[in-house]
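Thanks for asking me to look this one over. Here are my notes, written for someone opening the structure for the first time.

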Amino acid sequence: MLEVAAESRHVPSHVQRTVVFLSAMRHFGAELAAKGFRLHYVTLTDPANTQSFETEVAWAVGELQPERLIVLEPGEHRVRGLLGEAAACARVPLEIRADEHFLTPRETFASHASSRKNLIMEFFYREQRKRLKVLMEGGKPVGGDWNFDKENRESFGRDGPHAPAVLRFPPDAITRGVIEDVRRMLPDLPGRIDMFGWAVTRKQALESLQDFVEHRLDEFGPYEDAMWTGQTWLYHSQLSVPLNLKLISPRECIDAALTRHAKRPVPLASLEGFVRQIIGWREFIRGVYFHEGPAYETRNYLDQHGELPSFYWDGKTEMKCLRECVGQVLDHAYTHHIPRLMVLANFALISGVHPRKISDWFLAMFADAVDWVTLPNTLGMAMHADGVTPEQATKKNPAKGPVVGTKPYAASGKYIARMSNYCRHCAFDVEKRTGDDACPFNTFYWDFLIRNKEHFRGNQRMAMVMKNAERLTRPDVVEITVSAKKLREKLGIGAVVGA
């Protein structure tokens, strides 16, 4: 097992992301050693550590002289490439084993993809439910519907949430040792470490799972899209971190929720919503990542080229929603999916940031970030960038429409006002579209529609929105466009070249 600094530097990994990975590794290594396994473990502070993944693999091959290298399929094309290079240099065959942590084998997803003109998560999810026999009754979905998402869009109103405290784990001796090593070897990583409390062992992960299904699953559904000042966790599970570390399995998550339901019924909208995230969205996103291949990361369907504003790294902005959400990321390397999609990524989308700039930020700053999940979620779903226009097409990357989503998740400040209390305490006016005190989300939202009218002209799901944009008068269009340009300059985003 190898701890190498380069894995925290190819993107500037949040200090908690680095610590959670290394701590989980050290705990697992200790478990293996206690069971009598022979284990060569290279720590971050080992004087002989070259801090390079491929160099350490090459050294191990040279020392051990294996007949072949056998590895579990990596969750990142980059790591797969590094392993291939190391094996080729050492002239040793490389054998990639299928990752059985996931419920959908790659071959199964490929078969699903080949049978459909377009990849639609909802259809994949229904197939999953049937194949895995989850929430099914006589070949039909329990409750008569496949999806109860429309019931899961409640806000907290004026009174705010009353969510129970979440289970957190103070750093033990091993984790404290990791923190000390990371501070010494990687002192310039972004984020804060003081509030670290992630599960880093299988026992802790199972406790987190049980805590969620007992105390927060019932209210998870209705409020899964809601946000509130000072509330990071709300009714969400925090299970993405131990899941992506493979401390627990998706099957265990589903079984725990169903067992709790059998014991004490869970509202169907909450139960189905949780099941959909685990066996639907998570498996679908991984399928897209491998099905689309390494060239996927280069796509830029909307041809956006802006820089990422500096406040994504330090939280220094007058926009309350962004200050709150970036603050959660700095403190915990985490926010739930709506701050990610509808605040952090939405702002990057509508302001014209390059899709790789924001997808690399997500990979860097979240404790649950692995390339297979982060890239399709950000570049695909959030940035609507995973299509290829005829002008962008090459032989290896032919023209095609966006893969993950059929419409962009673009929204003005009104969505944030409806789903949170952020706008009540903001320096900007969520009712205004332009002007010095206008909500920047509003300015950029309308500018986004104006800039991309040709892209969305034939998109039926955007028809109503685009009709509203077409009603803008010429003076309105000029005012919005000029205001957006000035705002981009002020925030350091720069020009949206090509848009």
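The points below go through the cavities and then three helix pairs.

1. Before anything else, keep in mind that this is a predicted model. Everything that follows is computed from that model, so to speak, as it stands.

2. Let's begin with the empty space inside. How many cavities of 30 Å³ or more are there? The count comes to 3. The largest cavity holds about 90 Å³ of space, and the second largest has a volume of about 50 Å³.

3. Have a look around the largest cavity. Its lining is made up of 13 residues, and the ones nearest the centre are K320, C321, C423, C426 and C439. Two helices to pick out here are α13 (320-332) and α18 (440-451), each of which gives at least two residues to the lining. As for character, the lining has 11 nonpolar residues and 2 charged ones, with no polar residues.

4. Now for the second largest cavity. Which residues line it? They are L167, R168, F169, G197, W198, A199, S208, Q238 and P242. Sorted by class, that lining gives 5 nonpolar, 3 polar and 1 charged.

5. On to the helix pairs, with α13 again, this time for its packing against α14 (residues 337-351). The angle between the two is about 115°, and their axes are 10 Å apart. Angles of 65 to 115 degrees count as roughly perpendicular, and therefore α13 is roughly perpendicular to α14. The crossing of this pair is left-handed.

6. Staying with that pair, what meets what? From α13 come C321, L322, C325, V326 and V329, and they meet P339, V343, L344 and F347 of α14. By class, this contact has 9 nonpolar residues, with no polar and no charged ones. Note that C321 turns up here in the contact with α14 and also among the residues nearest the centre of the largest cavity.

7. Next, try α4 (residues 106-114) and α5 (residues 121-132), which pack at an angle of about 130° with their axes 11 Å apart. That angle is why α4 is described as oblique to α5. The crossing of α4 and α5 is right-handed. On the α4 side you'll find T108, F109 and H112, which meet F123, F124, E127 and R131 in α5. The classes in this contact are mixed: 3 nonpolar, 2 polar and 2 charged residues.

8. Last pair: α11 (residues 268-292) and α16 (residues 371-382). How far apart are their axes? They are 8 Å apart, and the helices pack at an angle of about 90°, which means α11 is roughly perpendicular to α16. To see the contact, pick out W281, R282, I285, R286, V288 and Y289 in α11, then D371, W372, V373, L375, P376, N377 and M381 in α16. Those residues divide into 9 nonpolar, 1 polar and 3 charged.

Conventions. Residues are numbered from 1 along each chain as its sequence is written. This is a predicted model: local features need pLDDT of at least 70, side-chain atom pairs count only at pLDDT 80 or more; totals for chains, interfaces and linings use all residues. Side-chain values use heavy atoms; hydrogens and water are left out. On a 1 Å grid over the protein atoms alone, a cavity is a set of points where a 1.4 Å probe fits but cannot get out, and a pocket is an open set with protein on both sides within 12 Å along at least five of seven lines; lining residues have an atom within 4 Å of a point. Grid points are joined across faces, edges and corners, and a volume is the space filled by probe spheres set on the points. Helices (H or I, at least four residues) and strands (E, at least two) are DSSP runs, numbered from the N terminus. Ala, Val, Leu, Ile, Met, Phe, Trp, Tyr, Cys and Pro count as nonpolar, Asp, Glu, Lys and Arg as charged, and the others, Gly among them, as polar. Axes are lines fitted to C-alpha atoms, for helices over the stretch in contact, and angles run from 0 to 180 degrees between N-to-C directions. Angles under 35 degrees count as roughly parallel, over 145 as roughly antiparallel, 65 to 115 as roughly perpendicular and the rest as oblique. A crossing is left-handed if the near helix is turned anticlockwise from the far one by less than a right angle, and right-handed if clockwise. Contact means heavy atoms within 4.5 Å.
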